[in-house]
Amino acid sequence: MGNLLKVLTREIENYPHFFLDFENAQPTDCEREVWNQVNTVLQDSESILSGLQAYKGAGQEIRDAIQNPNDMLLQERAWNSVCPLVIRLKKFYGFSLRLEKALQGLLESLTCPPYTPTQHLEKEQALAKQFAEILHFTLRFDELKMRIPAIQNDFSYYRRTISRNRINNMNLDIESEVNNEMANRMSLFYAEATPMLKTLSTATTNFVTENKTLPLENTTDVLSTMASVCKVMLETPDYTSRFNSEDTLLFCMRVMVGVIILYDHVHPNGAFNKSSKIDMKGCIKVLKEQPADNVEGLLNALKFTTKHLNDESTPKNIRTMLQ
């Protein structure tokens, strides 16, 4: 199996176990077509994150303009500061649409017969790695976005100004870039606390809905298997010792949390139910054993972006662990 290092000779608690080579997996001939399509999207992910990280906002310019409504120089300065930011926000939003298509392409490959989801993940490690990279990017993007309140302030100012200027019959070039319809879609995207996770959750749900002949379990088993694989790798020193980079630990943690959230949104009973194929107690325990700075955002993601945590069917000890 090349990059696949098979796991423990016994099955622990009936959860699937094998080693996914997140660092070195390369596409086979069978994977290459889908891998190339997804790679075209993923190769832009770092520049998207850099653009978001560098986002400073136009808060001061906007405040000056609002406080001095008759000063046209200040109005112009605020507008000229906000417009390039809105173009950047459009780029981020456009990337989320590309990521949605990439995810659905991967799900199609990783769930199709005749292989089981576990066999797919074992045989198609390069695609599994790309799926993990999408989740890793998503959680990093959302962690950054939550720390930048300027995004929504800037965009709100843009929309108010567009409306006001349209009334005044002012000709604005940016309207061809971000028209009213695009602004509405972007507004819904940025109103979410975790917009990229929301995009992936919706994409996964739509994938299940649109592929009516494909059993739901094919999709949820891919997610639960990924969660199990990440948990085992994180808690097994023999596996973590094979990582070439310490960053792979955090990568595994983000991927584990990402697939749990997707599973919780797609499976009717969610991830926390006793019937769940994800060992939630074990996953949370693994996270809590890591340095607090590394996992605070991930534990918050489980608390605030899952769908079923507060269901009556969620065991109290699981809720307690996440308090």
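Let's start with a small cluster: Lys-231, Glu-235 and Asp-279 are joined in a network of salt bridges. A salt bridge here means a side-chain nitrogen of Lys or Arg within 4 Å of a carboxyl oxygen of Asp or Glu. Side chains of opposite charge can pair when their charged atoms come close. Before going on, keep in mind that this is a predicted model, where local features need pLDDT of at least 70 and side-chain atom pairs count only at pLDDT 80 or more, while totals for chains, interfaces and linings use all residues. Residues are numbered from 1 along each chain as its sequence is written, and side-chain values use heavy atoms, with hydrogens and water left out.

Back to the cluster. The closest N and O atoms of Lys-231 and Glu-235 sit 3.0 Å apart. Both residues belong to helix 10, 4 residues apart, or about one turn of the helix. (Helices are DSSP runs of H or I with at least four residues, strands are runs of E with at least two, and both are numbered from the N terminus.) Lys-231 is buried at 7% relative accessibility, while Glu-235 is partly exposed at 39%. Buried means under 20% relative accessible area, exposed means over 50%, and partly exposed is in between, using a 1.4 Å probe and protein chains only.

Helix 10 has another salt bridge to show you: Asp-221 pairs with Lys-277, with 3.0 Å between the closest N and O atoms. This one links distant parts of the chain, as Asp-221 is in helix 10 (residues 216-235) and Lys-277 is in the loop between helix 12 and helix 13, 56 residues apart. Asp-221 is buried at 17%, and Lys-277 is partly exposed at 41%.

Now follow helix 10 to where it meets helix 6. Their axes (lines fitted to C-alpha atoms over the stretch in contact, with angles from 0 to 180 degrees between N-to-C directions) come within 12 Å and cross at roughly 85 degrees. So helix 6 is roughly perpendicular to helix 10, a label for angles of 65 to 115 degrees. Ala-128, Phe-131 and Ala-132 of helix 6 touch Val-222, Leu-223 and Met-226 of helix 10, contact meaning heavy atoms within 4.5 Å.

Helix 6 also takes part in a salt bridge: Glu-143 pairs with Arg-254, the closest N and O atoms being 3.3 Å apart. Glu-143 lies in helix 6 and Arg-254 in helix 12, 111 residues apart. Glu-143 is buried at 17%, and Arg-254 is buried at 11%. Altogether, the count comes to 10 salt bridges.

Technical notes
Parallel < 35°, antiparallel > 145°, perpendicular 65-115°, else oblique.
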